[in-house]
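Hi,

Here is the structure I promised to pass on to you. Have a look at it first, and then read on for what turned up in it.

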Amino acid sequence: MKSLPYFSRGEVIRGFGRGSKELGIPTANFPDAVVDNLPADMGTGIYFGWACVGNGDVYKMVMSIGWNPYYKNTKKSMETHVIHTFKEDFYGEILSVVMVGYIRPERSYSSLEALIEAINNDIEEAKMKLELPEHLKLRDDNFFTSAPSSSSDLPPTSASTSQTIMNGH
């Protein structure tokens, strides 16, 4: 995909509440203003890359972009699983991500167990791919060191007054 790597930043909002509770795989969700500004050539599916909450450390991540067919969502979402165990939720914090690669298209599953197994496989694949030199170098991109620590540090944009700072290369 010619849009990769793709840099995005926004405030973490409450999603459907399934990641931690139902799947055991917590996700951070971007607001509609971020989702709606994705490039047209960035299809739905599972991506991998790097993520940073506020001014914290940069961690590996996987992200689902789409409608989550298993749940039959009617609203497109960007759900990021940061591959790190956080002590507490970080709703309202700024999440900065760089998507560096694509794993697979989104699809439905016959059971919740099959969905969880697929997500865990995606996580393992992301961990391995992010060790490649061409992906590893993006972990240290200055995009992460320029991250605002809260939504009040974000400048207003045409998409939203406080929820979007950056979408693009």
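Let's start with Asp122 and Arg104, which form a salt bridge with their closest N and O atoms 2.7 Å apart. Keep in mind that this is a predicted model. The two partners come from distant parts of the chain: Asp122 sits in helix H3 (residues 112–129) and Arg104 in strand E6 (residues 94–104), 18 residues apart. Are they buried or exposed? Both Asp122 and Arg104 are buried.

Helix H3 shows up again in the next pair. Lys127 makes a salt bridge with Glu124, and here the closest N and O atoms are 3.2 Å apart. Both residues lie in helix H3, 3 residues apart, so about one helical turn separates them. Lys127 has a relative accessibility of 30%, so it counts as partly exposed. Glu124 comes out at 42%, so that residue is partly exposed as well. If you wonder about the label, "partly exposed" covers the range from 20% to 50%.

Now find Lys75 and Asp32. Their side chains meet in a salt bridge too, at 3.6 Å from N to O. Where do the two residues sit? Lys75 is in the loop between strand E4 (58–66) and strand E5 (77–82), while Asp32 belongs to helix H2 (residues 32–35), so to speak a long walk along the chain: the two are 43 residues apart. Lys75 is partly exposed at 43% relative accessibility, and Asp32 is partly exposed at 34%. In total, the count comes to 6 salt bridges, including the three I have just described.

Next, go back to strand E6 and pick out Val100. Its relative accessible area is 10%, and because buried means under 20%, Val100 counts as buried. What does Val100 touch, once residues up to four places away in sequence are left out? The list is Leu4, Pro5, Phe48, Gly49, Trp50, Leu130, His135 and Leu138. One of these, Gly49, is 51 residues from Val100 along the chain, yet their C-alpha atoms are separated by 4.9 Å.

Another name on that list, Pro5, deserves a stop. Pro5 lies in the segment before strand E1 (6–11). The peptide bond leading from Leu4 to Pro5 is cis, with omega near 0 degrees. For background, most peptide bonds are trans.

One more residue to click on is Asn29, in strand E2 (residues 28–29). Asn29 has 9% relative accessibility and counts as buried. Setting aside neighbours within four places in sequence, Asn29 is in contact with Glu11, Val12, Ile13, Gly15, Met78 and Glu79.

Finally, zoom out to the whole chain. You can count 5 helices and 7 strands, and along the sequence they follow the pattern β-α-β-α-β-β-β-β-α-α-α-β. The chain has 169 residues, and 48% of them count as buried. How much of the contact network reaches far along the sequence? Among contacts between residues at least 6 apart in sequence, 72% join residues at least 24 apart. The accessible surface comes to about 8500 Å², and 51% of that belongs to carbon and sulfur atoms.

Happy clicking!

Note on methods. Residues numbered from 1 in each chain as written. Predicted model: local features only at pLDDT ≥ 70, side-chain atom pairs only at ≥ 80, totals over all residues. Heavy atoms only, no water. Salt bridge = Lys/Arg side-chain N within 4 Å of Asp/Glu carboxyl O. Helix = DSSP H or I, 4+ residues; strand = E, 2+ residues; numbered from the N terminus. Buried < 20%, exposed > 50% of the residue type's maximum accessible area, 1.4 Å probe, protein only. Contact = heavy atoms within 4.5 Å. Areas by Shrake-Rupley, 256 points an atom, 1.4 Å probe, with all protein chains shown as cover.
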